[in-house]
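Colleague: I am new to this structure and would be grateful for a guided introduction. May I put some questions to you with the model in view?

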Amino acid sequence: MSNPLAAPRAGSRNKQRSNFELYGWLFMRISGLILVFLVLGHLFIMNILDGGVQRINFAFVAGRWSSPFWQVWDLSMLWLALLHGGNGMRTIINDYAERDQTRFWLKMLLYVSTAIIIALGTLVIFTFDPSIG
Amino acid sequence: MAITTPGRSLRATPIGTLYRGGEGMWTWVLQRITGVSVFFFLFVHVLDTALVRVSPAAYDEIIATYKTPIVNLLEVGLVGAVLFHAFNGIRIILIDFWSKGPRYQRQMTWVIAAIWLFVMIPGTYFMMIHTIDALFGSTT
């Protein structure tokens with residue numbers, strides 16, 4: 001007969017240990033550093049430079065997205081900001097939602113809505129048509 | 001007491017902790033509040049920008065709301081929140097990766113507060129120049 005008792009310190013806890021939280025922690029710092037440049041640049045251009053928000057309209061967007069440079073800029077910003085923010089929200093849900101069920105469903109809602117917004121934003125950048133309408 | 005830094009009076013904050021009490025805790029709280037606020041705005045912002053795929057008129061209409069005085073003021077709040085989150089984020093990275101970071105975390109808090117003010121004062125002016133002009137200016 002096999003020993004019904006598990007060997008000391010060989011429980012399932014050790015098997016399930018992963019570095020996910022470490023990578024999440026590192027991702028927040030790396031993406032944050034890149035986002036400082038992408039987002040502050042975006043805010044400066046859109047809200048302060050050359051008349052700020054008052055000059056923004058469809059034609060302005062069409063002019064910007066005719067350049068691959070701004071397409072890559074906006075796409076990187078979209079993905080990094082939503083993954084950075086999504087991971088931050090995940091941390092906050094883990095911290096404050098005490099019931100297992102609540103925590104699970106709040107995170108499901110977060111993951112699904114974040115995935116939809118990332119997909120929508122990506123679709124908009126890739127399928128933008130300046131001659132629409 | 002032997003463990004207190006000379007010249008600093010005893011404070012409620014336990015010595016040697018970063019996130020309990022004082023600047024370390026309140027910047028942590030603000031980092032969460034600004035982060036959540038910006039995240040919710042991000043959802044709205046992707047949705048409003050998605051209207052460029054509907055029609056130029058639909059996009060121009062939603063963008064017109066961003067140009068009204070009240071939303072213009074909210075944009076200043078958004079920029080203020082993003083700037084704090086960014087500067088404090090750099091401070092956190094320095095605390096985590098710079099060997100002297102934890103020692104200077106309190107000083108760094110006041111440095112980022114100063115930079116924030118230095119950027120926000122002219123920033124607010126340039127962001128709201130049109131609104132100020134429309135509301136109070138003699139020429140329209």
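Colleague: What percentage of the 140 residues of chain B count as buried?

Modeller: Please bear in mind that this is a predicted model. A residue counts as buried if 20 or more other C-beta atoms lie within 10 Å of its own. Of the 140 residues in chain B, the share that meets this criterion is 18%.

Colleague: How many helices and strands does chain B have?

Modeller: Read from the N terminus, the elements of chain B follow the order α-α-α-α. The count for chain B is therefore 4 helices and 0 strands.

Colleague: Which helix of chain B has the highest confidence?

Modeller: Chain B as a whole averages a pLDDT of 88, and 86% of its residues score at least 70. Within chain B, confidence is lowest in helix H4(B), residues 105-136, with a mean of 93. The highest value, 96, belongs to residues 69-97, which form helix H3(B).

Colleague: What ipTM does the predictor give the complex?

Modeller: The predictor supplies two scores for the complex. The pTM is 0.85, and the ipTM is 0.86.

Colleague: Are H3(B) and H4(B) roughly parallel or roughly antiparallel?

Modeller: The axes of H3(B) and H4(B) lie 9 Å apart, and the packing angle is about 160°. Angles over 145 degrees count as roughly antiparallel. The relation of H3(B) to H4(B) is therefore roughly antiparallel.

Colleague: How many nonpolar residues does the contact of H3(B) with H4(B) have?

Modeller: H3(B) and H4(B) cross in a right-handed sense. Sorted by class, their contact includes 8 polar and 2 charged residues. The number of nonpolar residues in this contact is 17.

Colleague: Which helix supplies the largest share of the largest nonpolar core?

Modeller: The largest nonpolar core has 16 residues, and those with the most contacts inside it are Val39(A), Ala81(A), Leu82(A), Val79(B), Val82(B) and Leu83(B). At least two residues of this core come from each of H2(A), H4(A), H1(B) and H3(B). The largest share, 6 residues, is supplied by H3(B).

Colleague: How many helices and strands does chain A have, and what percentage of its residues count as buried?

Modeller: From the N terminus, chain A runs α-α-α-α-α. Its secondary structure therefore consists of 5 helices and 0 strands. Of the 133 residues of chain A, the buried share is 17%.

Colleague: Are H2(A) and H4(A) roughly perpendicular or oblique to each other?

Modeller: H2(A) and H4(A) pack with their axes 9 Å apart, at an angle of about 135°. Their crossing is left-handed. Roughly perpendicular covers 65 to 115 degrees, and roughly antiparallel begins over 145. The angle between H2(A) and H4(A) therefore makes them oblique.

Colleague: Is Ser18(A) buried or exposed?

Modeller: Ser18(A) lies in the loop between H1(A) and H2(A). A residue with 12 or fewer C-beta neighbours within 10 Å counts as exposed. Ser18(A) has 8 such neighbours, so its class is exposed.

Colleague: How far apart in space are Ser18(A) and Met77(A)?

Modeller: In sequence, Ser18(A) and Met77(A) are separated by 59 residues. From C-alpha to C-alpha, their separation in space is 28 Å.

Colleague: What is the phi of Asp50(A)?

Modeller: Asp50(A) is located in the loop between H2(A) and H3(A), and its 8 C-beta neighbours inside 10 Å make it exposed. Most residues other than glycine have a negative phi. Asp50(A) is not a glycine, yet its phi is positive, at about 55°.

Terms used: Residues are numbered from 1 along each chain as its sequence is written. Chains are lettered from A and ligands numbered from 1 in the order in which they are written. This is a predicted model: local features need pLDDT of at least 70, side-chain atom pairs count only at pLDDT 80 or more; totals for chains, interfaces and linings use all residues. pLDDT is the predictor's confidence in each residue, from 0 to 100. Axes are lines fitted to C-alpha atoms, for helices over the stretch in contact, and angles run from 0 to 180 degrees between N-to-C directions. Angles under 35 degrees count as roughly parallel, over 145 as roughly antiparallel, 65 to 115 as roughly perpendicular and the rest as oblique. A crossing is left-handed if the near helix is turned anticlockwise from the far one by less than a right angle, and right-handed if clockwise. Ala, Val, Leu, Ile, Met, Phe, Trp, Tyr, Cys and Pro count as nonpolar, Asp, Glu, Lys and Arg as charged, and the others, Gly among them, as polar. A nonpolar core is a set of buried Ala, Val, Leu, Ile, Met, Phe, Trp, Tyr and Cys residues joined through C-beta atoms within 7 Å.
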